[in-house]
Amino acid sequence: MAGSYPEGAPAVLADKRQQFGSRFLSDPARVFHHNAWDNVEWSEEQAAAAERKVQENSIQRVCQEKQVDYEINAHKYWNDFYKIHENGFFKDRHWLFTEFPELAPSQNQNHLKDWFLENKSEVCECRNNEDGPGLIMEEQHKCSLKSLEHKTQTPPVEENVTQKISDLEICADEFPGSSATYRILEVGCGVGNTVFPILQTNNDPGLFVYCCDFSSTAIELVQTNSEYDPSRCFAFVHDLCDEEKSYPVPKGSLDIIILIFVLSAIVPDKMQKAINRLSRLLKPGGMVLLRDYGRYDMAQLRFKKGQCLSGNFYVRGDGTRVYFFTQEEPDMLFTTAGLEKVQNLVDRRLQVNRGKQLTMYRVWIQCKYCKPLLSSTS
């Protein structure tokens, strides 16, 4: 799923690019010397102006009849989006491995596990501010021990299983990727801009990647991509708000769940139950990785009157919807679901169009939340 939209950002994706999070604008006269500046401080006047703009564009709400239509036909609006743009709208997210090294090849995972166990309490206290390093320009692990010994790669999955499997009770020993030793699920995968970079970069033979999206058109584009390998990946249509449909994996089986610009696309009242269900799929030590829209992002300020559905929740011209989070809101969602904070950052970035001499103030939330290794009772 997408934002408003997040990944129209410049693609500075060279192999040896400068680490983001370390380019600061100290001299305003140099603003057009680079495409982006990190951790940009907002003045009181700028923050107040953003708040006024949101108040102004939120006064007139979308009528209830239309709101019902946007909810009931949400899949139609996303299908229409992908029919128009196919796989040409978003760029592949090769920045993932800078921001989320948990997705990198397995040789890094033991180091990450040890780092988490040694620094967990310090990280939870110190990284919940707004000036953490290492953040990237585009919008867009392993904490857990490997509980299964490495086995052979899974056999190809029949494509017609995609829809049937979501209606079945999943057997702990028989499911796509059941022999894998490291399992990643991306929810809201779109056309695979996260999944395919992971498969291309991480050659761990024990890796298996699941990906799902609300849009059947998007999943069809993933499955017909030349990079799609059913022995390493399983793509399926899924509505994360549908409480009647199960995921094609058993509880406690996933190492990583990725939520990149997807939670913001659903009704706020349905977010908690969706996160609760996802958290149950994680292994002890498994982690959720989130990147999404922050409050007063440029995209929020650009909405016109009559596009607001509810507080900080809007509908775009194409019928897709987007919510803008405070730093505290995802923290409440994840901790209520029993997860522990590893990282919760606000990424305030100044993007620059040097050709048109334009400045764009972006605000994104980036989070990592981990399932406790041990239950509180033990």
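This passage walks through a predicted model of a protein chain, from its overall make-up to a few individual residues.

The protein chain holds eleven helices and eleven strands. Of its 378 residues, 55% count as buried. The accessible surface of the chain comes to about 17,000 Å², and 49% of that area belongs to carbon and sulfur atoms.

A good place to begin is strand 5, which spans residues 254-260. Seven of the seven residues of strand 5 are buried, so this strand is largely enclosed by the rest of the structure. Strand 5 has pairing partners in strand 2 and strand 6. With strand 2 (residues 182-187), strand 5 runs parallel, and four bridges join the two. Within this pairing, I184 has I256 of strand 5 as its bridge partner. With strand 6, the pairing of strand 5 is also in the parallel sense, and it extends over six bridges. Here I260 stands opposite R291 of strand 6. Between strand 5 and strand 6 the chain passes through helix 9, and this β-α-β crossover is right-handed.

The nonpolar cores come next. In soluble globular proteins, nonpolar side chains tend to be buried together. The largest nonpolar core in this model has 47 residues, of which L185 and L259 touch the most other members. Apart from this core lies another, made up of 38 residues, including I256, M287, C308 and Y314. Which residues surround L259, leaving aside its neighbours within four places in sequence? The contacts of L259 are V187, I275, L278, V288, L289, L290, R291 and F334. R291, one of these contacts, is also the residue that stands opposite I260.

On the way from strand 5 to helix 9 (271-279), the chain forms a loop that includes K270. Is K270 buried or exposed? With a relative accessibility of 35%, K270 counts as partly exposed, because a residue is called buried under 20% and exposed over 50%. Not counting residues up to four places away in sequence, K270 touches E71 and C241. K270 can also be placed relative to L240: the two are 30 residues apart in sequence, and their C-alpha atoms are 9.2 Å apart in space.

Helix 11, covering residues 328-336, offers a view of how one helix sits in the structure. Its buried residues are P330, L333 and F334. Seen down the axis of helix 11, these buried residues fall within an arc of 90°, so they line one face of the helix. F334 of this buried set also appears among the contacts of L259. Turned away from the buried side is a face that carries the exposed residues E328 and M332. Just after helix 11, G338 takes a positive phi of about 90°.

Ahead of helix 11, T326 lies in the loop that follows strand 9 (321-323). Outside its neighbours up to four places away in sequence, T326 touches R295 and I365. The C-alpha atoms of T326 and V346 are separated by 8.5 Å, while along the chain the two residues are 20 places apart.

Positive phi values are also found at residues that are not glycines. One of them is Y296, with a phi of about 75°. Y296 belongs to the loop between strand 6 (282-293) and helix 10 (298-301), and it is partly exposed, with a relative accessible area of 23%. Another is N312, whose phi is about 65°. The loop that holds N312 links strand 7 (308-310) to strand 8 (313-315). N312 is buried, at a relative accessible area of 14%. The two residues thus fall on either side of the 20% limit below which a residue counts as buried.

Elsewhere in the chain, T217 is found in helix 8, which covers residues 216-223. What is the exposure of T217? Its relative accessible area is 13%, and T217 is therefore buried. Leaving aside residues within four places in sequence, T217 is in contact with N79, Y82 and K83.

Definitions and conventions
Residues are numbered from 1 along each chain as its sequence is written. This is a predicted model: local features need pLDDT of at least 70, side-chain atom pairs count only at pLDDT 80 or more; totals for chains, interfaces and linings use all residues. Side-chain values use heavy atoms; hydrogens and water are left out. A nonpolar core is a set of buried Ala, Val, Leu, Ile, Met, Phe, Trp, Tyr and Cys residues joined through side-chain atoms within 4.5 Å. Buried means under 20% relative accessible area, exposed over 50%, partly exposed in between (1.4 Å probe, protein chains only). Contact means heavy atoms within 4.5 Å. The arc is that of the directions from the helix axis to the C-beta atoms. Accessible areas come from the Shrake-Rupley method with a 1.4 Å probe; for residues, only the protein chains shown count as cover. Two strands pair if DSSP finds at least two bridges between them. A crossover is right-handed if, with the strands pointing away from the viewer, the path from the first strand over the helix to the second runs clockwise.
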